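Me: I'd like to go through some of the labels used for this model and see what backs each one. Could you take them with me one at a time?

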Amino acid sequence: IGCSETGFTAQTKTISNGQTVCVRHTASAAAGATVTTTLSIGGINGTFSSTTVAPDTTPDSFAFTAQTGVALSTKATSNTIVISGLAAAAPISVSGGTYSIGCSATGFTAQAKTISNGQSVCVRHVSSANAATTVTTMLSIGGVSGDFSSTTAP
């Protein structure tokens, strides 16, 4: 009653006409969760709700450097990028090739996983068996995509 920092209580009190009242609660520790507090005055209920934000799983945009003059039917590996802009792990998937979190030679996969802020990633595919032909692999992280392409020599 009176909305002072030291006046908050969970005890039953009385309030007079013209007095102000505020409610307060602790927000949820879970992302995207709502906490609701109900205040009853003279049999009339009012609610106050707060909802925590969902963690940011959309990374900053990223791009891979295209390669040209690539040999026929060989593994082409992109440059390494470092993921930024995430507040929580984000889903990662690939189309048209494989990717490696950490860019280790043995860590390439096509399986969907998650990636965290600050981790590095690269993609790989097999270049075309035909001359002057482009192959493209698309990496998607948290709804943001980037393409890696390799074009074989003429």
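Reply: Happy to; what follows is a short round of questions on a predicted model.

Me: Why is A132 called exposed?

Reply: Exposed means over 50% relative accessible area. A132 has 53%, so the label fits. A132 sits in the loop between strand 9 and strand 10, and its phi is near 55 degrees, a positive value in a residue other than glycine.

Me: And why is S73 called partly exposed?

Reply: The class in between runs from the buried limit, under 20%, to the exposed limit, over 50%. S73 comes out at 45%, and therefore counts as partly exposed. This serine belongs to the loop between strand 3 and strand 4 (75-77), and it too has a positive phi, near 50 degrees.

Me: What makes strand 6 and strand 10 a pair?

Reply: Pairing takes at least two bridges. These two strands have four, in the antiparallel sense, so they qualify. Within the pairing, I92 stands opposite I141 in strand 10.

Me: Which strands are the edges of the open sheet?

Reply: The five-strand order is 3-11-10-6-8, with mixed pairing. Strand 3 (67-70) and strand 8 (113-115) are the edge strands, as each pairs on one side only.

Me: How do you know that L139 touches F62 and V121?

Reply: Contact means heavy atoms within 4.5 Å, so both residues meet that cut-off with L139. L139 is also among the residues with the most contacts inside the largest nonpolar core, along with V121 and I141; that core has 18 residues. Strand 6 (90-95) gives the most to this core, three residues.

Terms used
Residues are numbered from 1 along each chain as its sequence is written. This is a predicted model: local features need pLDDT of at least 70, side-chain atom pairs count only at pLDDT 80 or more; totals for chains, interfaces and linings use all residues. Side-chain values use heavy atoms; hydrogens and water are left out. A nonpolar core is a set of buried Ala, Val, Leu, Ile, Met, Phe, Trp, Tyr and Cys residues joined through side-chain atoms within 4.5 Å. Buried means under 20% relative accessible area, exposed over 50%, partly exposed in between (1.4 Å probe, protein chains only). Lists of a residue's contacts leave out its neighbours within four places in sequence.
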